[in-house]
Amino acid sequence: MSRWKDELERQFSPSQWSPRMSADDVIKSHVTALKEGTERARGLAQTLLNVPYGEGEGEKLDVYVPTTTSLDVPLVIYLHGGYWQFLSKEESGFMAVPLVHKGVVVVAVGYDIAPKGNMDVMVSQVRRSVVSVIQQYSHISGLYLCGHSAGAHLAAMILSTDWSQYSVTPQIKGAFLVSGIYDLLPILSTYVNEPLKMTEEVALRNSPSQLVPQLKLSSSDCDIVVAVAQNDSPEFRKQSEDYYKALESTEGLKVTLEDVPNTDHFNIIEQLVDGDYHLTQLLLKMMGKS
Ligand SMILES: N[C@@H](CC(=O)c1ccccc1NC=O)C(=O)O
């Protein structure tokens, strides 16, 4: 393998950039943290698990419901990460712990990761999950998205949807894009694409960086936070910076770049179990619940 390809693969291996632990350990600890947080959330909140949003076996979502008498109930849809090939909704309810406590509904969406699903399928699934959620929860005070890593990519694709082919047009008030990938071309030649098997055409039509004009048409009223970890790799940091710049130079969009100090690709999202964490506070503030 060429040194150039080695370096590209290292840039797209988030586990190799954590200053906290070895690559293997940071992934193990990530999965454990997400699982434990999700178990806690399932113990604390009322839940509706495995609610179908489509016909497919994998087209199900989990709802974490607050006990509140307030009429102002925002809803956050969480899209999990894992390079479109790892993780599931089963360990994706962790952020519900502090949010449900503040009267926010949290929805963790499942989608068919590769090799079962491909990029077009996953993007279609998460878009349909949003339509299903607003049809079932029409009384909510606002719809928000949060995605991590590959899930931030999927959230950005939701913001970039031409809803004319769908039965409703979702009004998304805010989106938290955490350590995401917005240009899929650089990963085409890496190990990440082995199970995905994307062609250049597939990568282009599923790159949010190519869809900024559509995002402006569909999501001009949405507050967008592009968050990146201080210890994300230079290529990951560049993905967030470039996408932020592309959005920011588009007139009429409200977008901020959050460079989160003392975090890596994994604990930037794990810490959403903590109500005092900077990004939890920002999310609550965006929803008017701080
Ligand atoms: N090869 C990747 C693996 C990875 O990103 C990952 C693996 C398991 C669960 C989650 C992951 N990534 C982000 O959520 C890495 O080097 O981190």
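The following questions and replies go through a predicted model and its ligand.

Me: What should I know about how the values were obtained?
Reply: Residues are numbered from 1 along each chain as its sequence is written, and side-chain values use heavy atoms, with hydrogens and water left out. Because the model is predicted, local features need pLDDT of at least 70 and side-chain atom pairs count only at pLDDT 80 or more, while totals for chains, interfaces and linings use all residues.

Me: What makes the pair formed by Ser-15 and the ligand a polar contact?
Reply: A polar contact is a pair of N or O atoms within 3.5 Å, and an N or O atom in the side chain of Ser-15 is 2.7 Å from an oxygen atom of the ligand, so the pair meets the definition. For Gly-82, a backbone N or O atom lies 3.3 Å from a ligand oxygen atom, and for Tyr-191 a side-chain N or O atom is 2.9 Å from a ligand nitrogen atom.

Me: Why is Cys-146 called buried?
Reply: Buried means under 20% relative accessible area, computed with a 1.4 Å probe and protein chains only, and Cys-146 has 0%, so Cys-146 is buried. Cys-222, at 1% relative accessibility, counts as buried too.

Me: How do you know that the structure holds zero disulfides?
Reply: A disulfide is a pair of cysteine sulfur atoms within 2.5 Å. The cysteine sulfur closest to that of Cys-146 is in Cys-222, 12 Å away, which is too far for a bond. Seen from Cys-222, the closest cysteine sulfur is that of Cys-146, again at 12 Å and too far for a bond, and the structure holds zero disulfides.

Conventions
A polar contact is a pair of N or O atoms within 3.5 Å; within protein, one must be able to donate a hydrogen and the other to accept it, and residues adjacent in sequence count only if both atoms are side-chain atoms. Buried means under 20% relative accessible area, exposed over 50%, partly exposed in between (1.4 Å probe, protein chains only).
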